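Subject: Structure handover

Hello,

Here is the structure I said I would pass on. My notes on what was found in it follow below.

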Amino acid sequence: MSVHFKHSNSSCQRYCIICGNGGKLFVCDEPDCRKVYCTGCITALVGPECVDLIENTSVWKCYLCSEFDEQSHGLLEKKPDWFQNIINMYQPDECFQVNMS
């Protein structure tokens, strides 16, 4: 399966960062992020009550931008090397290390 993530004119992703599907999406409000998550993934991995919580939140930080809390993140826990894993996913033949400091 090949999934390509497309950005809109506002630089937000147009498909869920987890499953690659569209539909009803929640956009992270962190200025440098703009990742989106679909209601299906949030319901399955965190819980249906979290969808309601996000809908009623004026400013929402996604699961990569906020500190992990089992109650608010469910099964979505950021790995320490998540950024490098994304680079490796898009450049598997040219795996290189990126210095984030």
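The face of helix 2 that points away from its buried side carries E49 and L53, which are exposed. This is a predicted model, so please read everything below with that in mind. The buried residues in helix 2 are C50, V51 and I54. Viewed down the axis of helix 2, these buried residues fall within an arc of 105°, so they line one face of the helix. An α-helix has 3.6 residues a turn, so residues three or four places apart point the same way.

I54 also has partners further along the chain: leaving aside neighbours within four places in sequence, I54 is in contact with F26, I42, W60 and Y63.

The core

I54 is also one of the residues with the most contacts inside the largest nonpolar core, alongside Y37, I42, W60, C62 and Y63. That core has 14 residues. Helix 2, residues 48-55, gives the largest share of this core, with 3 residues.

The aromatic residues

The structure holds 4 aromatic pairs. In one of them, the ring centres of Y37 and W60 are 5.8 Å apart and the planes stand at 90°, so the pair is edge-to-face. Y37 belongs to strand 2 (residues 36-38) and W60 to the loop between helix 2 and helix 3 (70-73), so this pair ties together parts that are 23 residues apart in sequence. Both Y37 and W60 are buried.

Y37 also pairs with Y63, again edge-to-face, at 5.2 Å centre to centre and with 85° between the planes. Y63 lies in the loop between helix 2 and helix 3 while Y37 lies in strand 2, so here the parts tied together are 26 residues apart in sequence. Y37 has a relative accessibility of 3%, so Y37 counts as buried. Y63, at 5%, counts as buried too. Ring pairs link F26, Y37, W60 and Y63 into a cluster.

The cysteines

How many disulfides does a search of the whole structure find? The search finds 0. C16 is in no disulfide, and the nearest cysteine sulfur, that of C38, is 3.8 Å away. For C38, also in no disulfide, the nearest cysteine sulfur is that of C41, at 3.7 Å. A pair of cysteine sulfur atoms has to lie within 2.5 Å to count as a disulfide, so neither distance qualifies. C16 is buried, with a relative accessible area of 0%, and C38 is buried as well, at 7%.

The chain as a whole

Some overall values, for orientation. The protein chain has 4 helices and 2 strands, and reading along the sequence gives the pattern β-β-α-α-α-α. Of the 101 residues in the protein chain, 26% are buried. Among contacts in the protein chain with a separation of 6 or more, 29% are between residues 24 or more positions apart. The protein chain exposes about 7200 Å², and carbon and sulfur atoms supply 51% of that area.

If you want a place to start looking, Y37 appears in both ring pairs described above, with W60 and with Y63.

Regards

Technical notes. Residues numbered from 1 in each chain as written. Predicted model: local features only at pLDDT ≥ 70, side-chain atom pairs only at ≥ 80, totals over all residues. Heavy atoms only, no water. Buried < 20%, exposed > 50% of the residue type's maximum accessible area, 1.4 Å probe, protein only. Contact = heavy atoms within 4.5 Å. Areas by Shrake-Rupley, 256 points an atom, 1.4 Å probe, with all protein chains shown as cover. Core = buried A, V, L, I, M, F, W, Y, C linked by side-chain atoms within 4.5 Å. Phe/Tyr/Trp six-rings, centres within 6.5 Å; stacked < 30°, edge-to-face > 60°. Arc of directions from axis to C-beta.
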